[in-house]
Amino acid sequence: MKKALLLGAVLAATPLVAQAADNSTPLRFVLIPKVVHPWFDKLNTGARAAADMITKTTGQKIEIEYRAPQTADVSSQNDIIERAIATHPDGLILDLLDEKGNRATMDEATEQKIPMTVFDSLPPEGMNITAVGADFCEQGTIAAERLATLIGKKGEVAIMMGVPTAPNHTLRAECEKKVFAKYPDIKVVATGIDNDSIETGQKQASAIMQAHPNLVGWVACDASGPVGIGQAIRESGKAGKVQEVGLDNLNDMLQLIRDGVAESTASSRPEMQGYWAVVSAWQSAMGQKTPKYIDTGIDVITKKSL
Amino acid sequence: MSLETTLPGATPTPPKASSIRALVARMVANPLGGVIGAMILIFGISCVLSPHFLTSFNMIIIARALAFIGLVTIGQAVLMILGELDLSVGAIGGLAGVVGGMLMVQVGLNPWLSLALCLLMGAGCGLLNGLLITQLRLHSLVLTIGMAGVYGGANLVATRGVAITGVPHEISFLGRGLVFGFPVPFLVLVVCLSIVAFVMMRTPVGRYIYAIGSNPQAARMLGIRVNAIRMGAFALAGFLSALAGILMVARLGTAQPSIGDTWVLSPIAAAVIGGVATTGGLGSPVGAVLGAVIIGMIEDIIVLFGISPYWQSIVSGGIVVLAISLDSLARHYLNRDAS
């Protein structure tokens, strides 16, 4: 009888012991963005907030290893993903530069049975992986529609294209062009390329405003470009005369809104994307099924809402 | 340097310091001693500090990543020995990759024929660089900065910045395949390096390249066809860059316009680490590729050790400076003893 009671007690305690043992070993997730960039730093902040939340609520320690490529180049990113696979993490959280170009490397992760979650991008076709992010086209459309309204649906506008090889930048530009094409009195007179650099964006925007003195508005396709545009508008003394609707929520962008240089920005909520990517990765590591897509939405940030 | 004598039949027991000095002397006497020593040191430290470093999976990763940068490094090293430099090699690699993708996907050409045409195109781009430099008497650094813009711009015009997808599967083994456990791109690198090293060390053309790099005027007076060799070297660099670009397309399965963006400075750094003089006339392609191995290992351990991305450039740059400094210090130490 005593033996039976002892066995029962041991069996009853096993899940608790197992849980305690699991919790003592941290889950290690490697977070690999497209490139070193302040937007991804905000995303990393959100990821760490999710890790803290999970630890506080469940006792499970979560380690986030942030590995950003120095350049937005698929082969460089693949190298980093492969090296992360070599360390056998509990999950990979990836912002894919090109889902087809990343495919072979992701297949290697699948072979090694490493769960993956993608954010700010979509997984390769046929891969059952949760994607966390916002609709890029919707983001560009919101920005362009807002600018169209600001300028009374007429006048010359310009688009800062971002990095020409980045699919999300190209998509935003296409959707912005579609919006402007709806209004016969709006003419897109110039498109600049900022390569996701504030300095380049500033130079391009200054040159375009010199060449097109009747320009009345700007939209952009990445996070750095609109900051450069705002600086160019301020330097040329055209704040208020040339309208700007930015993208994303870099601190410089928010300051431009506070200063009245830019009217607003359409932000794809990087902190929230990082947060839910970690939650999804944690669920995958626990063997739970996760949704196909988590839409973190678009925020329109104005001086009033800041 | 101290001389040691040993009585017949006696067991030589040189002092410890002398043994170290002898070892350092042997290493330094070999032109590749410094880079090999640094490579062994980094390899050993990595093996001790990371349990993930010395795994077959990680070795394959290092070998495959080395292949692309290594191919470009061979061409750049030959140019540097010649006293030249080509900053358009990355752009040529990218252009060859996207042209290959377009020929295979959009034109529907046979993949192998497409690859051959791209290699020819790469060699042609390099030859054009060489032609402009020799005939217009331009400085290679300045000319190739401009040509990098031309080739990179052609890449953007052709692709509009969008990757070309649907590359035929027949060529994927070139980038992804393994033969006897070695990645195919790595084996291509070994073959190319062997051929170029043989030409550099065992043929008159190789000797001419060193002669031109040391003193082009003297080489010309000796009857060496300096301009023809310079153009040939640029064509070789273009060919190898195109080969790297095509292998990368096979690896990725798509022709990315960004291919080659990171192939400009690393091959030059690799060549310098490997003992190639920026002033020409010194070094070897083998040393340059060993320099690329060092850079590849550093890039690998940076990720394995979990170094913050903001510190990566400092760490990798610091290790490179340390590796070069150790080599220089060892030579200084021996020279001081000899005098």
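**Exercise 1. The disulfide**

Which two cysteines form a disulfide, and how far apart are their sulfur atoms? Keep in mind as you work that this is a predicted model.

*Solution.*
- Step 1: Start with the pair itself. C137(A) and C175(A) form a disulfide, with 2.0 Å between their sulfur atoms. A pair of cysteine sulfur atoms within 2.5 Å counts as a disulfide, so the 2.0 Å of C137(A) and C175(A) passes the test.
- Step 2: Count over all chains. The structure holds 1 disulfide.
- Step 3: Place both ends. C137(A) sits in helix α5 (residues 136-150) of chain A and C175(A) in helix α6 (residues 167-182) of chain A; they are 38 residues apart, and the pair links distant parts of the chain.
- Step 4: Find the handedness. The torsion about the S-S bond of C137(A) and C175(A) is about -110°, so this disulfide is left-handed.

**Exercise 2. Buried or partly exposed?**

Sort C137(A), C175(A), C47(B) and C118(B) by accessibility.

*Solution.*
- Step 1: Recall the cut-off: under 20% relative accessible area means buried, over 50% exposed, and in between partly exposed.
- Step 2: Apply it to the bonded pair. C137(A) has 26% relative accessibility, so C137(A) is partly exposed. C175(A), at 5%, is buried.
- Step 3: Move to chain B. C47(B) is partly exposed because its relative accessibility is 26%, while C118(B) is buried because its value is 0%.

Why does C118(B) not bond with C125(B)? The closest cysteine sulfur to that of C118(B) is in C125(B), and at 10 Å it is too far for a bond.

**Exercise 3. Where the chains meet**

Describe the interface between chain A and chain B, beginning with its contacts.

*Solution.*
- Step 1: Count the residues. Chain A brings 31 residues into contact with 32 residues of chain B.
- Step 2: Look at the area. About 2700 Å² is buried between the two chains, and carbon and sulfur atoms give 57% of this area. In chain A, R67(A), R83(A) and T165(A) lose the most area to chain B, together 24% of what that side buries.
- Step 3: Look for charged partners. There are 5 salt bridges between chain A and chain B. E82(A) forms a salt bridge with R251(B), where the closest N and O atoms are 2.4 Å apart.
- Step 4: Add the polar contacts. Across the interface, 9 residue pairs are in polar contact, both residues being at pLDDT 80 or more.
- Step 5: Find the helices involved. α3 (74-86) and α4 (103-111) of chain A each supply at least two residues to the side that touches chain B, and α3(A) gives the most, with 11 residues.
- Step 6: Sort that side of chain A by class: 10 nonpolar, 12 polar and 9 charged residues.

Note on methods
Residues are numbered from 1 along each chain as its sequence is written. Chains are lettered from A and ligands numbered from 1 in the order in which they are written. This is a predicted model: local features need pLDDT of at least 70, side-chain atom pairs count only at pLDDT 80 or more; totals for chains, interfaces and linings use all residues. Side-chain values use heavy atoms; hydrogens and water are left out. Contact means heavy atoms within 4.5 Å. Buried area is the accessible area (1.4 Å probe) that two parts lose on being put together, summed over both. A salt bridge is a side-chain nitrogen of Lys or Arg within 4 Å of a carboxyl oxygen of Asp or Glu. A polar contact is a pair of N or O atoms within 3.5 Å; within protein, one must be able to donate a hydrogen and the other to accept it, and residues adjacent in sequence count only if both atoms are side-chain atoms. Helices (H or I, at least four residues) and strands (E, at least two) are DSSP runs, numbered from the N terminus. Ala, Val, Leu, Ile, Met, Phe, Trp, Tyr, Cys and Pro count as nonpolar, Asp, Glu, Lys and Arg as charged, and the others, Gly among them, as polar. Buried means under 20% relative accessible area, exposed over 50%, partly exposed in between (1.4 Å probe, protein chains only).
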